Amino acid sequence: MEYNFGKILREIRNDKEIGQADLGRILNVANNTISSWERGNSQPTIEQLRAIAIFFNINGNYLLGLEK
């Protein structure tokens with residue numbers, strides 16, 4: 001199975017009904033950054049991954065595609 005961070009992030013964000021702009025404000029990044037992550041054009045930093053995991057209260061391994 002191929003790892004796809006963008007798909008994982010989009011699914012989590014949509015499940016929580018949070019828009020890209022809202023998540024961008026929460027993470028202090030532009031909403032086009034969130035879009036870029038979701039399209040696979042760029043990747044978040046380790047610090048940003050940590051902030052995403054904390055905000056969504058999920059295991060970082062899930063974000064990394066290491067567990068379901």
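Biologist: What makes the radius of gyration of the protein chain agree with that of a compact globule?

Modeller: In this predicted model, the protein chain has a radius of gyration of 11 Å, and a compact globule with 68 residues would have one near 11 Å, so the value agrees with the rule. The C-alpha atoms fill a box of roughly 30 × 25 × 20 Å along the principal axes, and 34% of the 68 residues count as buried.

Biologist: How do you know which kinds of elements build the protein chain?

Modeller: The protein chain has five helices and zero strands, and from the N terminus on its elements run α-α-α-α-α. Among contacts between residues at least 6 apart in sequence, 56% join residues that are at least 24 apart.

Biologist: Why is H1 called oblique to H3?

Modeller: Two packed helices are described by the angle between their axes and the distance between the axes. For helix H1, residues 5-15, and helix H3, residues 31-39, the angle is about 125 degrees and the axes lie 6 Å apart. Angles over 145 degrees count as roughly antiparallel and those of 65 to 115 as roughly perpendicular, while the rest above 35 are oblique, and that makes H1 oblique to H3.

Biologist: Which residues make that contact, and of what class are they?

Modeller: On the side of H1 the contact is made by Phe5, Gly6, Lys7, Leu9, Arg10 and Arg13, and on the side of H3 by Ile34, Trp37 and Glu38. By class, this contact has four nonpolar, one polar and four charged residues, and Gly is counted among the polar ones.

Biologist: What makes you say that the buried residues of H2 line one face of the helix?

Modeller: In helix H2, residues 20-27, the residues Leu23, Gly24 and Leu27 are buried, a word that stands for under 20% relative accessible area. Seen down the axis of H2, these buried residues fall within an arc of 105 degrees, so they line one face of the helix. What covers them includes H1, H3 and helix H4, which spans residues 46-56.

Biologist: Which residues of H3 are buried, and what do they pack against?

Modeller: Ile34, Ser35, Ser36, Trp37 and Glu38 are buried in H3, and the buried residues of this helix pack against H1, H2 and H4.

Biologist: Which residues just after H2 and H3 take a positive phi?

Modeller: Just after H2, Asn28 takes a positive phi of about 60 degrees, and just after H3, Gly40 takes a positive phi of about 85 degrees.

Technical notes:
Residues are numbered from 1 along each chain as its sequence is written. This is a predicted model: local features need pLDDT of at least 70, side-chain atom pairs count only at pLDDT 80 or more; totals for chains, interfaces and linings use all residues. Side-chain values use heavy atoms; hydrogens and water are left out. Axes are lines fitted to C-alpha atoms, for helices over the stretch in contact, and angles run from 0 to 180 degrees between N-to-C directions. Helices (H or I, at least four residues) and strands (E, at least two) are DSSP runs, numbered from the N terminus. Contact means heavy atoms within 4.5 Å. Buried means under 20% relative accessible area, exposed over 50%, partly exposed in between (1.4 Å probe, protein chains only). The arc is that of the directions from the helix axis to the C-beta atoms. The radius of gyration is taken over C-alpha atoms; the globule rule is 2.2 Å times the number of residues to the power 0.38.
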